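Reader: I'd like to go through the pockets and ligands of this structure with you, one question at a time. Can we take it from the top?

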Amino acid sequence: MEAKKTLDELYAANRGKDQYVAPDFYGIDDLLTEEQKLIRGSVQDWVKRDLSPIIEYYAQRAEFPQHMVKQLADVGAFGPQLPLEYGCGGMDYTTYGIIMQELERCDSGVRSTASVQGSLVMYPIYKFGSEEQKHKFLPKLASGEMLGCFGLTEPDHGSNPGGMTTKYTEDGDDIILNGAKMWISNAPFADVAVVWAKNPEGKVKGVIVERGMEGFTTPETHGKWSLRASCTGELVFDNVRIPKSNILPNVTGLKGPLTCLNSARYGISWGALGAAMDCYDTALRYSKQREQFGKPIGGFQLQQKKLAEMITEITKGQLLAWRLGQLMDAGKATPAQISMCKRNNVEIAINIARESRQILGGMGITGEYPQMRHMANLESVITYEGTHDIHLLILGMEITGENAFV
Ligand code: TGC
Ligand code: FAD
């Protein structure tokens, strides 16, 4: 492996190379407020200046760009939809979606870091935590002083989290936690983990586990071909003694973690579209520059078909995401509507990554272009936060009234 480069070396080599222009075929920008466009612009500028130049390098090395955590906080990516009172952004859900889109336009792993922090760590503490927990954790999570992770999935319980075996017993003012979580984004770097475990009555509760608690370890998961710039790991609890004051008091049952997933899945709906827009934009530019048989390949009907179909799917996805944002802001979005949007937008993104890679010919398989990284990343995105199949079943149950899960 090549010697480790410094950030300065990466910036010197790569700044200014990112030529991204967001596709907007239907003038969907007209549906956004000036403030939303302003925030998008500032995130877009940061991504071009500080993230694009380094992302391929970190992904190739399967390394988490830890310095980015503070920068993500500075651009307002952690909990933008949560109240100002706790140091968060105080913005609407549409703005939250727009930020996720700009991040995933660069890399799904970066969006993942922000999704987990904002929707899966800060949101449950805000929604289900005590005032003391909110004041203790939210400002530090919003400012990037702390990084968090969310532990729901277990080795034997992925799509069916209700079967979880992680559990705790009570001992005076403490609980004793035992079990293990798997596939946890941010885990090896996290200062806190929001963990879902069964109480002595067998009911699911949320518990804030803090790094340094005895018996709590977070081994890293190695060998991923996807989401390589995001760090994934396990959470292992071996008789971890935790004060009862770390239990989230205001929710009991699986609806706790699933409510948080509504918010995160919503963010992915916008995010995946960002990856699709980057792939399309890259392929469109390439098709105008690359010549074969004496003319740009964009002049051949077969390439135009690919590009025309991509922009059609992107436009439909943009409208779905925008409308879902409106429903979220009005507090009316249903889980099945969120499932439809997450499922559709991730699927079109993965198809567009693949098709656009073909337009780049051999160059498309190199790290010079983002297609392969997006394509590999999206294999995780189509699996986590509910698999493609699970979202179809959620939708199927909503429209037929019949449960096909079991
Ligand atoms: P079921 O009996 O249907 O429901 C149990 C309770 O939960 C309620 N509920 C919801 N509440 C809020 N929002 C939702 N979306 C909800 N869906 C269900 C439901 O009303 C019930 O409440 P109550 O009061 O009656 O008890 O549950 P089930 O056991 O049959 O399971 C079905 C379900 C929905 C859990 C399953 O379909 C599912 O969603 N599985 C997917 C699991 C999943 O998404 N895991 C994600 C792990 S986290 C992650 O991947 C993070 S990646 C982050 C990154 O890096 O970006
Ligand atoms: P399984 O549930 O074993 O599913 C395997 C296959 O069976 C899938 O195709 C599925 O669709 C299908 N299947 C399952 N049930 C049914 C059914 N009833 N009907 C039809 N088909 C079915 N989890 C967290 O808690 N926190 C995190 O931060 C987190 N980050 C992740 C990061 C990455 C990179 C990845 C890959 C995963 C992450 N996950 C996280 C876990 C993720 O949510 C799970 O992988 C996902 O929910 C699927 O669970 P599973 O992998 O156990 O697959």
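Reader: Which residue offers a polar backbone atom to a nitrogen atom of ligand 2?

Author: Keep in mind that this is a predicted model, where local features need pLDDT of at least 70, side-chain atom pairs count only at pLDDT 80 or more, and totals for chains, interfaces and linings use all residues. Residues are numbered from 1 along each chain as its sequence is written, chains are lettered from A and ligands numbered from 1 in the order in which they are written, and side-chain values use heavy atoms, with hydrogens and water left out. A polar contact here is a pair of N or O atoms within 3.5 Å; within protein, one must be able to donate a hydrogen and the other to accept it, and residues adjacent in sequence count only if both atoms are side-chain atoms. At 3.1 Å from the ligand 2 nitrogen, the backbone partner is phenylalanine 405.

Reader: How much of ligand 2 does the protein cover?

Author: Accessible areas come from the Shrake-Rupley method with a 1.4 Å probe, and for residues only the protein chains shown count as cover. On its own, ligand 2 has 980 Å² of accessible area, and the share covered by the protein is 67%.

Reader: What is the distance from an oxygen atom of ligand 2 to the side chain of threonine 387?

Author: Two side chains are worth a look here. Aspartate 389 has a polar side-chain atom 2.8 Å from an oxygen atom of ligand 2. For an N or O atom in the side chain of threonine 387, the distance to a ligand 2 oxygen is 2.7 Å.

Reader: How many residues surround ligand 2?

Author: A residue counts as near if one of its heavy atoms lies within 4 Å of the molecule. The shell divides into 9 nonpolar, 7 polar and 2 charged residues, where Ala, Val, Leu, Ile, Met, Phe, Trp, Tyr, Cys and Pro are nonpolar, Asp, Glu, Lys and Arg are charged, and the others, Gly among them, are polar. Thr153, Ser159, Trp183, Thr387 and Asp389 are the closest, and the number of residues around ligand 2 is 18.

Reader: Where does ligand 1 sit?

Author: On a 1 Å grid over the protein atoms alone, a cavity is a set of points where a 1.4 Å probe fits but cannot get out, while a pocket is an open set with protein on both sides within 12 Å along at least five of seven lines; lining residues have an atom within 4 Å of a point. A molecule sits in one if more than half of its atoms lie within 2 Å of its grid points. Ligand 2 sits in the largest pocket. Ligand 1 also sits in the largest pocket.

Reader: Which helix gives the most to the shell around ligand 1?

Author: Helices (H or I, at least four residues) and strands (E, at least two) are DSSP runs, numbered from the N terminus. α5 (108-128) and α7 (255-289) each supply at least two residues of this shell. With 6 residues, the top contributor is α7.

Reader: Which side chain has an N or O atom 2.7 Å from an oxygen atom of ligand 1?

Author: Asparagine 262 has a side-chain N or O atom 2.8 Å from a nitrogen atom of ligand 1. Tyrosine 384 puts a polar side-chain atom 3.4 Å from a ligand 1 oxygen. The 2.7 Å pair with an oxygen belongs to arginine 265.

Reader: What is the volume of the largest pocket?

Author: Grid points are joined across faces, edges and corners, and a volume is the space filled by probe spheres set on the points. The lining has 43 residues, with Tyr384 and Glu385 among those nearest the centre, and its largest share, 5 residues, comes from α5. The volume is about 1200 Å³.
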